[in-house]
Amino acid sequence: MAISVFDLFSIGIGPSSSHTVGPMRAARMFVNRLKKDGVLAQTTSVRAELFGSLGATGHGHGTPKAVLLGLEGHSPRTVDVESADDEVERIRRTGRLRLLGTQIEDAHEIAFDEPSQLILHRRRSLPYHANGMTLFAYDEAGAPLLEKTYYSVGGGFVVDEDAVGEDRIKLDDTVLKYPFRSGDEMLRLARETGLSISSLMLENEKAWRTEEEIREGLLEIWRVMQACVSRGMSREGILPGGLRVKRRAAATARQLRTEGDPLLHRSEWTTIYAMAVNEENAAGGRVVTAPTNGAAGVLPAVLHYYVNFVPGADEDGVVRFLLAAGAIGMLFKENASISGAEVGCQGEVGSACSMAAGALAEVLGGTPEQVENAAEIGMEHNLGLTCDPVGGLVQIPCIERNGMAAVKAVTAARMAMRGDGSHKVSLDKVIKTMKETGADMKVKYKETARGGLAVNVIEC
């Protein structure tokens, strides 16, 4: 399966790639399928049922909101994050849903009663993946017009039960110049070609886009990351959801600005960059899945570290950073998982830490072996990390966890740069271990909010 860097880094909406971005895409796929089949105008009612982790923590992750917006035709990339809550409130207040409402010529309004037509099954799961959802459409006589099951498999990726829909993950027959599916293959190609990890990834990306399109696309991703950090470091107040978590990035940034040379506080700034992103994510803001929303702060924070604190940093370095991070992320996606509902937070924050560590080593001038070593270190010390969000919200421990992982990624890269790239545990072995650890992990520690901090912290 060929995976592009633009599959791993996509512009979306918080607070969760698997619970917000994926369900919105799935719901939009569903109504587009109604249109394609010519039955949209006959539809008088729809029903959505959410299973597994989507049902268990959907309310805290904004899943019902995402499904409603998706049914109205909104896309995670383009939905107006400032007016999204008002749109959902209008649906709930009026009891009316505008199917494909964003496409005025195709909009079809129906009655919709959320309590009876959007159902969260807290303890029922579907067979393929923990994040499953089934949507139904009926005509005026109550006869079924369409029934589809979708799985949100992490990072905003959506799998249709029978692989129908433009957002499906399918076996891609695109011929890549330098295909690799493991860290060992990646290093072998680097040795044989003399290319860096980012250059290998660039050559493969050219199978889909021109070099200029790749560069501009990645710089757009970077601009969205920068805007997210900037917003997060300027906004204060209480995050939504009921836990009354206070935003801290802006106040901490003000304090640090009064304490002199930023170089003396690089670790603290890196932490703040990450927390700023995840506070924005928790507020339902515009973020880049990197590779998920729950871990969206790690790569932007380490990339800000590179731009602000590494002499000679430039846009070429930003592009190489994201390409190298994508190469590593692809290995996790192919050989394990980036879904917290499947393998715990080691698959989200752990993968992001690994990707950021390897990418930083790349732009610091590391050899392919040092890049692979940095990525291995970043993941090795996140093994076993559970996903136990308090209240089912992407806030505690998620926001601080991103800050810690960003600093850990910088440390991992610096450690690898002090060595020659040789080490005892390979990236492939640590990815395999992460997958096995996730399989052994109890379900209550995998984004269900039924274990760990989620049950041991008393909500006020």
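# Briefing: a mixed sheet, a surface patch and unusual backbone sites

Leucine 453 counts as partly exposed, because its relative accessibility is 34%, a value between the limits of 20% for buried and 50% for exposed. The model described here is predicted. This briefing turns from leucine 453 and its patch to a sheet of five strands, and then to backbone sites with cis peptide bonds or positive phi values.

**The nonpolar surface patch**

- Leucine 453 belongs to helix H19, which covers residues 453-456.
- Together with Ile396 and Val457, Leu453 makes a nonpolar surface patch of about 190 Å².

**The sheet as a whole**

- The sheet is open and contains five strands, arranged in the order S5-S2-S6-S7-S8 with mixed pairing.
- Strand S5 (118-120) and strand S8 (157-160) are the edge strands; each has a single partner strand, so one side of each has no neighbour in the sheet.
- From one strand to the next, the twist averages 20°.
- As a general principle, the strands of a sheet pair through backbone hydrogen bonds, in either a parallel or an antiparallel manner.

**Strand S6 and its two partners**

- Strand S2 (residues 45-51) and strand S6 (residues 131-138) run antiparallel and are joined by seven bridges.
- Within this pairing, glutamate 49 is placed opposite threonine 134 of S6.
- Strands S6 and S7 also run antiparallel, and seven bridges join them.
- One of the residue pairs here is methionine 133 with its bridge partner in S7, tyrosine 150.
- S6 and S7 form a hairpin with five residues between the two strands, and glycine 142 in the turn has a positive phi of about 85°.

**Strand S7 and the edge strand S8**

- Strand S7 spans residues 144-154 and is mostly covered, as eight of its 11 residues are buried.
- S7 pairs with S8 in the antiparallel sense over four bridges.
- Glycine 154 has phenylalanine 157 in S8 as its bridge partner.
- A hairpin of S7 and S8 has two residues between the strands; glycine 155 in its turn has a positive phi of about 70°.

**Cis peptide bonds**

- Most residues other than glycine have a negative phi, and most peptide bonds are trans, so exceptions to either pattern deserve a note.
- The peptide bond from glycine 14 to proline 15 is cis, and its omega is near 10°.
- Proline 15 is located in the loop between strand S1 (10-13) and helix H2 (17-36).
- Alanine 290 and proline 291 are likewise joined by a cis peptide bond, with omega about 0°.
- The loop that holds proline 291 lies between strand S9 (286-289) and helix H12 (298-309).

**Positive phi outside glycine**

- Leucine 100 has a positive phi near 50°, although this residue is not a glycine.
- The position of leucine 100 is the loop between strand S3 (96-99) and strand S4 (108-111).
- Leucine 100 counts as buried because its relative accessibility is 0%, and the limit for buried is under 20%.
- Arginine 244 is not a glycine either, and its phi is positive at about 60°.
- Arginine 244 occupies the loop between helix H9 (211-232) and helix H10 (249-257).
- With a relative accessibility of 60%, arginine 244 counts as exposed, whereas leucine 100 is buried.

Note on methods
Residues are numbered from 1 along each chain as its sequence is written. This is a predicted model: local features need pLDDT of at least 70, side-chain atom pairs count only at pLDDT 80 or more; totals for chains, interfaces and linings use all residues. Side-chain values use heavy atoms; hydrogens and water are left out. Two strands pair if DSSP finds at least two bridges between them. Axes are lines fitted to C-alpha atoms, for helices over the stretch in contact, and angles run from 0 to 180 degrees between N-to-C directions. Patches are made of residues with over 30% relative accessible area and no salt bridge: like charges are joined within 9 Å, nonpolar side chains (Val, Leu, Ile, Met, Phe, Trp, Tyr) within 5 Å. Accessible areas come from the Shrake-Rupley method with a 1.4 Å probe; for residues, only the protein chains shown count as cover. A salt bridge is a side-chain nitrogen of Lys or Arg within 4 Å of a carboxyl oxygen of Asp or Glu. Buried means under 20% relative accessible area, exposed over 50%, partly exposed in between (1.4 Å probe, protein chains only).
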